[in-house]
Amino acid sequence: MFNISVGLIGDRSTKTGTLASREIAIGRDPSNDLVLDSGSVSRTHCRLVAIEGAAIVLDEGSKNGTWLNGKPVAHPAVLRFEDELVIGPYSLRVQSLVGRGTAGAQQELGVRPHPLPSDEPTAISHENTVLTRGLSTLEERRQALRWLMREPASNPRVDEVLRAALSDSDLEVRMTAVLAAAKLRAREVLPALQSSDMPTLLQEVDEPRERRFLEQLWQGVIRYLQERRNPADSLPGRDPLRPLWKLLAGELEVSDPASLMLHALTTPLEPARKPARLPPGVVEKAGRYFLERSGLPLRWVAPVEHWLGASPARRERSAGFFVAQVPVDRPLAKWVGNPLPIRVVPDHEQVWLGSFKEAERMCAELSKIESASIRLPTADEWEMAARGSDGRRYPWGNLPQEDWEECASPWGVEYLVGDVPEWTFEPESGTQLLRGGVEARTWVRHPVYEGEEEFAAALRPLIPGA
């Protein structure tokens, strides 16, 4: 049960109250839990559903729409701290959300007049907590379903969310909804599952073995809901769906790419701490981090556990570090040669460095200029920055999607895959490793052995936490 504190701020007066409910209806009709008296607000405009520490916003077909951070809510979306929910002339902000399993984590919800939706980005943070980055609308839809899986069972409202997700344009949203239907035993969505054109969408998956596994998952969930089978029961011999039955029985062991994908498709991104203090050379402005002199944008990778590798997969805890949001580009490389007292304007055209030693030299020069400890990332650190804490297959997620080259990782790190690989190293052996580039899988490492022809790769500077 969640307690949601709501503040309504009028032109001259403020109304506050507490709504102790897992779901609240918002609209102008007096029967709603939160009544907003305006002609531009529909009778029942939208609903907020509290699910294991997250708030999901659902538009109820309102005439003027519900707007989240300047964008219409066309699908169920996660409402986070500092997000702005606009309903007619009112703007709601999250203030306090406490529920099962949140360990005291809180969000706040307040209401104030707002004449028009704003397109300005909103930082997702609260006190000393940072929820990775400002997630895209697509990623929010995926995360909403993963939080939904923490419900004890399905209900009509959850079934409605799942049906909408099963017709989503994004393949990963649909596949996540398939697993959510299984975990919540949502038998009422069986017709939507059976009529889904999932096999057609799965043709987007290039790897045949992965495509077959996803098709088997979809068909296995349909059989599971039809037969009400015990998820602990597995077929004799080699059962390709054994990871699914282990997942549904709460016994999934992450050890290979199949179990890792199931974990990533069913695990929401968890909150993480902001840095307690900043290391020399790093400054904060409006909730974002930069190198002080050059202005190179940085992203914080918090000290939380990350999945690394795939076969086998392993868990390692980050020490907490800052990494360049984008690799060193032409303007920054030129600035390093002549560090003027003005900040660099990036053009995102990576500089190809002809050797590992050249990349190390540039880190050393940048360290002197910025009076900071700047170095190349280790292979593990690069992978943490690329994967986030949920063990995803690619920086953008687990399945193909449009415009993937432009998508950031959960920590907000950009341009990790594309044409140019990046220099990393293995601290124990000193092996030079190329990461990213045309290889989009986050765990793949290409060693550069002594005596081989020198490679050209990009540099993404790293600054250890204080």
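**Notes on the predicted model**

1. A good place to start is Arg157, which counts as buried at 15% relative accessibility, the cut-off for buried being under 20%. This is a predicted model, so please read what follows as a description of that prediction. Arg157 belongs to helix H2, residues 156-166. Its side chain has two polar partners worth a look on your screen: the side chain of Glu60, at 3.1 Å, and the side chain of Glu160, at 3.0 Å. Setting aside residues up to four places away in sequence, Arg157 touches Glu23, Arg47, Val49, Leu58 and Glu60.

2. Before going further, a word on confidence. The average pLDDT of the protein chain is 82, and 82% of the residues score at least 70. Which elements sit at the two extremes of mean pLDDT? Strand E14 (residues 125-126) has the lowest value, 30, while E22 has the highest, 98. Over residues 98-133 the pLDDT is below 50, although the model gives this stretch 124 contacts beyond near neighbours in sequence. Residues 7-14 also stay under 50, with 17 contacts beyond four places in sequence.

3. For the overall picture, the protein chain holds 11 helices and 26 strands. Of its 466 residues, 54% count as buried. Taking contacts with a separation of 6 or more, 59% are between residues 24 or more positions apart.

4. Now to helix H3, residues 171-183. Its 13 residues reach 19 Å from the first C-alpha to the last, close to the 18 Å expected. Is H3 enclosed by the rest of the structure or open? Largely enclosed, because 12 of its 13 residues are buried. Charged residues are on that list too: Glu172 and Arg174 are among the buried ones, along with Leu171, Val173, Met175 and Leu179. At the N-terminal end, Asp170 acts as the cap, with a side-chain oxygen 3.2 Å from the backbone nitrogen of Glu172. Just after the helix, Arg185 takes a positive phi of about 50 degrees.

5. H3 turns up again around helix H6 (residues 208-227). The 20 residues of H6 should span 28 Å at 1.5 Å a residue, and its end C-alpha atoms are 28 Å apart, in agreement with that. Buried residues of H6 include Phe213, Leu214, Leu217, Trp218, Val221, Ile222, Tyr224 and Leu225, as well as Glu210 and Arg211. What covers the buried residues of H6? The cover includes H3, helix H4 (190-195), helix H5 (198-201), helix H7 (242-248) and helix H8 (257-266).

6. Next, a sheet to trace by eye. Five strands, in the order E17-E18-E19-E22-E26, make an open sheet with antiparallel pairing. Its edges are strand E17 (282-285) and strand E26 (462-464), each of which pairs on one side only. On average, neighbouring strands are turned by 35 degrees against each other, direction ignored. Strand E22 (residues 321-324) and E26 are joined by 3 bridges, and Phe321 has Pro464 as its bridge partner in E26. Helix H11 (residues 379-387) packs on this sheet, where it touches strand E19 (297-301), E22 and E26; the direction of H11 makes about 80 degrees with that of E22.

7. One residue in this sheet deserves a closer look: Phe290, in strand E18 (residues 288-291). Is Phe290 buried or exposed? Phe290 is buried, with a relative accessible area of 15%. Leaving aside neighbours within four places in sequence, its contacts include Val282, Val283, Lys285, Pro297, Leu298 and Arg343. Phe322 lies 32 residues away from Phe290 in sequence, with 9.3 Å between their C-alpha atoms.

8. Last comes a hairpin. Strands E23 and E24 form it with 6 residues between them, and Gly430 in the turn has a positive phi of about 80 degrees. The two strands run antiparallel: 5 bridges join E23 to E24 (residues 432-436), and one pair of bridge partners is Phe425 and Gln432. Why is E23 (residues 421-425) largely enclosed by the rest of the structure? Because 5 of its 5 residues are buried.

Definitions and conventions: Residues are numbered from 1 along each chain as its sequence is written. Side-chain values use heavy atoms; hydrogens and water are left out. Helices (H or I, at least four residues) and strands (E, at least two) are DSSP runs, numbered from the N terminus. The expected span of a helix is 1.5 Å times one less than its number of residues. Buried means under 20% relative accessible area, exposed over 50%, partly exposed in between (1.4 Å probe, protein chains only). A polar contact is a pair of N or O atoms within 3.5 Å; within protein, one must be able to donate a hydrogen and the other to accept it, and residues adjacent in sequence count only if both atoms are side-chain atoms. Two strands pair if DSSP finds at least two bridges between them. Axes are lines fitted to C-alpha atoms, for helices over the stretch in contact, and angles run from 0 to 180 degrees between N-to-C directions. Contact means heavy atoms within 4.5 Å. pLDDT is the predictor's confidence in each residue, from 0 to 100.
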